[in-house]
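Biologist: I have a structure open and would like to learn how to read it. Could you take me through a few features, one at a time?

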Amino acid sequence: MQTIYQGISHLQETIEGAGKVLLVIDSSFPFLNIKDEVEGIKVPYVKFSDFTPNPLYEDVCKGVDLFRREQCDTILAVGGGSSIDVAKCIKLYCKMSDEKLYLEQEYRDTGVKLIAIPTTAGTGSESTRYAVIYYDGKKQSVTHDSIIPNVAILEPQVLKTLPLYQKKCTMLDALCQGIESWWSVNSTEDSKRHSRIAVETIMQWWRQYIFDYTEEAARHIMTAANEAGQAICITQTTAPHAFSYKITSLYELPHGHAVAVCLKEIWDYMLQHIDDCIDTRGSFYLKEIFTQIAKSMECGSMEEAVSCFRNLLDNLGMNSPITTNRRHDLDILASTVNPIRLRNNPVELNVNSIYSLYDRIVH
């Protein structure tokens, strides 16, 4: 069971009992306003930051080597999704044989304590069982229940110095995760509760967080992102995330921005094709879910909710990508969608609908 604390003041109590800590940090750490508190922990620690923004398998191996060499027994990750993902993989791999590729070995709980302090409000990685690294140029999704951090510390003051565009992208990622989890075929009553909190909270506080930054708004948005992460941990993501990855690589559009421009078109399409529902709970159930999402956004109808989402993106200045070689790009995009993520989507999408959706997403 994960423990979630509000505030950096809880760090020392969570670290007590550790022999030596591997502190996993990214390049933003020297500029964080919680740097002194982190470096002031009263146990020995060694820093590890030798990894790229899109972490490589080889980066994780360097972290595993350092963890072993320094005889660490606890991992503290401070940073965005990449730092936390690296820390998760170090925890998972640190007791495996180094004579074989870690990715090919059986995953087991190593018992190493992992503490995560997110410095963005977006992925909710501090509360999920997923991590992403790259091996041989290909994305590797690492999944295991044991890599959910034992402790997550949510400190909203770290969001104050985030660049405005990064605030927008990460917040949109959290909102999209909340919505996608809610309509996922894997949703449960527990996941839908987390989704509702995430969506309602973001819709209430996004303007104040983005345009009139206050610590109260930041606290609510960070909590919402964590709730969305808990929801996705149960259900996984759906079509908008599956569509977004190649948008990100092809147009260099940050993840949250890419997911959002995909979600608005896929959402609209699903409303028009509810009868193609593949959720075993049926199309009537799905219509009710879309209605609940609309209510959480204070919208009077399913259709109004999509319009509200489009308006939100317009207000944030989050435009769709523009192509100069349309047919070429659409062929590439349509051929790279992960079918596993589409199985979580409540409405069936085939080759033709995937292509036509990208035709609407890309301008």
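Modeller: What follows covers strands, single residues, backbone angles and empty space, in that order. Keep in mind that this is a predicted model.

Biologist: Let us begin with a strand. Is strand S5 largely enclosed or largely open?

Modeller: A general idea helps with any strand. In a regular strand, side chains alternate between the two faces of the sheet. Strand S5 covers residues 113–118, and five of its six residues are buried, so the rest of the structure largely encloses it.

Biologist: Which strands are joined to S5 by bridges, and how do they run?

Modeller: Strand S4, residues 74–79, runs parallel to S5, with six bridges joining the pair. Strand S8, residues 151–154, is also parallel to S5, and two bridges join them.

Biologist: Which residues can I look at to see this pairing?

Modeller: For S4 and S5, find Val78, which stands opposite Ile117 in S5. For S5 and S8, find Ala116, whose bridge partner in S8 is Ala152.

Biologist: What do S4, helix H4 and S5 make together?

Modeller: They make a β-α-β unit, with H4 spanning residues 81–93, and the unit is right-handed.

Biologist: Now a single residue. Where does Val151 lie, and what does it touch?

Modeller: Val151 lies in strand S8. Leaving out residues up to four places away in sequence, Val151 touches Gln2, Thr3, Tyr5, Thr14, Lys113, Leu114, Ile115 and Ala116.

Biologist: Why does Val151 count as buried?

Modeller: Buried means under 20% relative accessible area. Val151 has 6% relative accessibility, so it counts as buried.

Biologist: How far is Val151 from Lys113, in sequence and in space?

Modeller: Val151 and Lys113 are 38 residues apart in sequence, and their C-alpha atoms are 8.4 Å apart in space. Now try the pair His10 and Lys113: 103 residues separate them in sequence, and 16 Å in space, C-alpha to C-alpha.

Biologist: Where is His10, and what does it touch?

Modeller: His10 is in the loop between strand S1 (3–6) and helix H1 (11–15). With residues up to four places away in sequence not counted, His10 touches Tyr5 and Ile153. His10 counts as partly exposed because its relative accessibility is 22%.

Biologist: Next, backbone angles. Which sign does phi have at Gln236?

Modeller: Phi of Gln236 is positive, near 70 degrees, and the residue is not a glycine. Gln236 sits in the loop between H7 and H8. Its relative accessible area is 23%, so Gln236 is partly exposed.

Biologist: What is phi at Glu252, and where does this residue lie?

Modeller: Glu252, also not a glycine, has a positive phi of about 55 degrees. Glu252 is in the loop between H8 and helix H9 (255–272). At 71% relative accessibility, Glu252 counts as exposed.

Biologist: Is Thr237 buried or exposed?

Modeller: Thr237 is in the loop between H7 and helix H8 (239–251). Thr237 counts as buried because its relative accessibility is 6%. Apart from residues up to four places away in sequence, Thr237 touches Glu180, Ile232, Arg341 and Asn344.

Biologist: Last, empty space. How is it found?

Modeller: Rolling a probe the size of a water molecule over the atoms shows where empty space is left. In this model there is one cavity of 30 Å³ or more. The largest cavity has a volume of about 40 Å³.

Biologist: Which residues line the largest cavity, and of what classes are they?

Modeller: Among the lining residues are Gly79, Gly80, Gly81, Ile84, Pro118 and Glu126. By class, this lining has two nonpolar, nine polar and one charged residues.

Biologist: What is the volume of the second largest pocket, and how many residues line it?

Modeller: The second largest pocket has a volume of about 340 Å³. Its lining has 19 residues, and Met1, Gln2, Ser127, Ile148 and Gln230 lie nearest the centre. Seven residues of this lining are nonpolar, seven polar and five charged.

Biologist: Which helix gives the largest share of that lining?

Modeller: Helix H7 does, with three residues. Helix H6 (189–211) and helix H7 (215–235) each supply at least two residues of the lining.

How values were computed
Residues are numbered from 1 along each chain as its sequence is written. This is a predicted model: local features need pLDDT of at least 70, side-chain atom pairs count only at pLDDT 80 or more; totals for chains, interfaces and linings use all residues. Side-chain values use heavy atoms; hydrogens and water are left out. On a 1 Å grid over the protein atoms alone, a cavity is a set of points where a 1.4 Å probe fits but cannot get out, and a pocket is an open set with protein on both sides within 12 Å along at least five of seven lines; lining residues have an atom within 4 Å of a point. Grid points are joined across faces, edges and corners, and a volume is the space filled by probe spheres set on the points. Helices (H or I, at least four residues) and strands (E, at least two) are DSSP runs, numbered from the N terminus. Ala, Val, Leu, Ile, Met, Phe, Trp, Tyr, Cys and Pro count as nonpolar, Asp, Glu, Lys and Arg as charged, and the others, Gly among them, as polar. Buried means under 20% relative accessible area, exposed over 50%, partly exposed in between (1.4 Å probe, protein chains only). Two strands pair if DSSP finds at least two bridges between them. A crossover is right-handed if, with the strands pointing away from the viewer, the path from the first strand over the helix to the second runs clockwise. Contact means heavy atoms within 4.5 Å.
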